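Me: Please take a close look at the part of this model where the protein meets the DNA, and then lead me from there into the rest of the fold. I am a first-year student, so please explain each term when it comes up.

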Amino acid sequence: MTPKNNFAPRVLDWFDQHGRKHLPWQHNKTPYRVWISEIMLQQTQVTTVIPYYERFMRSFPDVYSLAAASQDEVLAHWSGLGYYARGRNLHKAAQALVNDWEGEFPATQEGVCELPGIGRSTAAAILSISRNEPLAILDGNVKRVLARFHAVPTWPGERKTETAMWALAEAYTPQDRCGDYTQAMMDMGATLCTRSNPSCERCPLKEDCEAFAMGAPTAFPKSKPKKAAKPVRNTQMLVVQRGETILMEKRPASGIWGGLWSLPELDFDDDTIQVAELRLGVQVDNVISLSPFRHTFSHYHLDIVPYKLVVQEKAQVNEAAKYQWFEISEALKLGLPTPIRSILETAQEAVGTQPQLNL
DNA sequence: AAAGCGGGGCA
DNA sequence: TGCCCAGCTTT
């Protein structure tokens with residue numbers, strides 16, 4: 001990492017010229033007032049928060065009034081903001097402040113982090129803005145700014161990436177005007193360095209922003225690795241019944257289920273009877289639908305639609321080497337792929353119980 | 001419909 | 001400790 005020495009001054013200059021400085025929580029910046037605003041802003045945009053914030057402050061002007069209120073009263077003021085667990089935490093934390101801290105916020109970040117609903121970043125925001133403590137924040141806004149500035153190549157959700165980004169955040173946080181810097185970084189993330197359509201031209205950091213230099217600001221922060229959305233494949237599987245026996249197929253030695261006994265399979269959109277008769281060389285007397293189900297492999301889902309085909313007693317099949325007739329109970333003693341085993345078990349139970357489709 | 005959001009809470 | 005979730009928004 002090569003911190004640019006003038007990072008913070010540039011951010012602060014931008015803030016002095018363009019930052020928002022007259023939001024309701026930006027005057028009389030007590031820890032209490034900053035705290036309430038930070039919690040509300042975690043989940044909601046500035047314009048929505050303003051009326052809620054003002055109403056909340058009117059009813060609960062200080063930590064004592066908040067602590068003394070009932071949870072229902074507090075939640076009534078939260079109504080419409082969502083995330084009510086955070087409203088409840090707010091109330092609990094107010095009571096903890098009154099009971100354990102004589103109504104004052106702890107002096108240290110660790111102390112503030114003890115309060116329910118406040119973690120490292122929110123604690124730093126409260127203390128830097130209200131008391132000008134030189135503590136770094138790393139909320140979504142700051143993560144975005146830093147990820148772009150350094151073209152951070154990995155997903156911030158990874159532990160080591162997040163640790164590295166905390167180190168960056170600390171390296172850039174100035175000793176002076178830390179509160180303004182905190183506000184400025186949030187403001188930049190909210191108004192310039194937005195998730196989509198960032199206003200790079202107006203950004204005071206663009207000359208040294210690696211993502212901007214790459215011409216790809218929105219490529220950062222790297223998004224969460226996709227859970228490799230497993231493709232879905234479809235197949236038909238056939239339980240070909242001849243008297244008391246069913247037809248098992250020996251799979252090729254390599255590939256999926258290599259060398260195992262399985263069931264004859266058709267493409268999903270093959271005409272079941274027609275293709276079965278053609279390929280196996282048997283005549284189908286009767287078709288019984290079995291329950292379709294999904295089998296999931298490590299890399300794809302296989303949706304299996306099983307059918308039972310009843311064929312004539314003396315049917316012979318083509319390619320006899322690949323096939324063998326087994327009683328179901330005998331077939332179940334073979335080493336079978338799991339979904340094949342389930343089909344056979346189902347077919348065994350289902351004899352005579354399924355509605356029959358005579359064709 | 002999918003990802004992002006800070007902190008909580010679980011294994 | 002490390003990972004995933006709740007509950008809502010934005011894209």
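Reply: In this predicted model, an N or O atom in the side chain of Gln 45 is 2.5 Å from a phosphate oxygen of DNA strand C, and a polar side-chain atom of Arg 159 lies 2.7 Å from a phosphate oxygen of that strand. Each is a polar contact, meaning a pair of N or O atoms within 3.5 Å; within protein, one of the two must be able to donate a hydrogen and the other to accept it, and residues adjacent in sequence count only if both atoms are side-chain atoms. Because the model is predicted, local features need pLDDT of at least 70 and side-chain atom pairs count only at pLDDT 80 or more, while totals for chains, interfaces and linings use all residues. Residues are numbered from 1 along each chain as its sequence is written, chains are lettered from A and ligands numbered from 1 in the order in which they are written, and side-chain values use heavy atoms, with hydrogens and water left out.

Around DNA strand C we find Gln 45, Gly 82, Tyr 83, Tyr 84, Arg 159 and Ser 196, where a residue is near a strand if one of its heavy atoms lies within 4 Å of it. By class, this surface has two nonpolar, three polar and one charged residues; Ala, Val, Leu, Ile, Met, Phe, Trp, Tyr, Cys and Pro count as nonpolar, Asp, Glu, Lys and Arg as charged, and the others, Gly among them, as polar. Of the atoms of DNA strand C within 4 Å of the protein, 62% belong to sugar or phosphate, and the rest belong to bases.

DNA strand B is surrounded by 16 residues, of which the closest are Arg 86, Gly 117, Gly 119, Thr 122 and Gly 140. Sugar and phosphate make up 76% of the atoms of DNA strand B that come within 4 Å of the protein. A polar backbone atom of Gly 117 is 2.4 Å from a phosphate oxygen of this strand, an N or O atom in the side chain of Thr 122 is 2.6 Å from a phosphate oxygen, and a backbone N or O atom of Gly 140 lies 2.8 Å from a phosphate oxygen. The elements that give two or more residues to the surface near DNA strand B are H8 and H9, and the largest share, three residues, comes from H8. Names of this kind refer to DSSP runs numbered from the N terminus: helices are H or I runs of at least four residues, and strands are E runs of at least two. Sorted by class, the surface near DNA strand B divides into three nonpolar, seven polar and six charged residues.

Moving into the fold, we come to helix H3 (residues 46-59), whose 14 residues should span 20 Å at 1.5 Å a residue, which agrees with its end C-alpha atoms being 20 Å apart; the expected span is 1.5 Å times one less than the number of residues. In H3, Val 46, Val 49, Tyr 52, Tyr 53, Phe 56 and Met 57 are buried, that is, under 20% relative accessible area, whereas exposed means over 50% and partly exposed in between (1.4 Å probe, protein chains only). The cover over these residues includes helix H2 (31-43), helix H4 (63-68), helix H5 (71-78) and helix H6 (84-100).

The largest nonpolar core has 35 residues, and Phe 7, Val 11, Leu 146, Tyr 181 and Leu 205 touch the most other members; such a core is a set of buried Ala, Val, Leu, Ile, Met, Phe, Trp, Tyr and Cys residues joined through side-chain atoms within 4.5 Å. Helices H1 (7-18), H8 (120-131), H9 (140-149), H10 (159-172) and H11 (178-191) are the elements that give two or more residues to this core, and its largest share, six residues, comes from H1. Apart from this core lies another, of 34 residues, among them Ile 39, Ala 69, Val 74 and Ala 93.

Finally, two backbone details deserve attention. The peptide bond from Phe 220 to Pro 221 is cis, with omega near -10 degrees, and Pro 221 is found in the loop between helix H12 (210-213) and E1. Arg 177, in the loop between H10 and H11, has a positive phi of about 55 degrees although it is not a glycine. Most residues other than glycine have a negative phi, and most peptide bonds are trans.

Definitions and conventions
Contact = heavy atoms within 4.5 Å.
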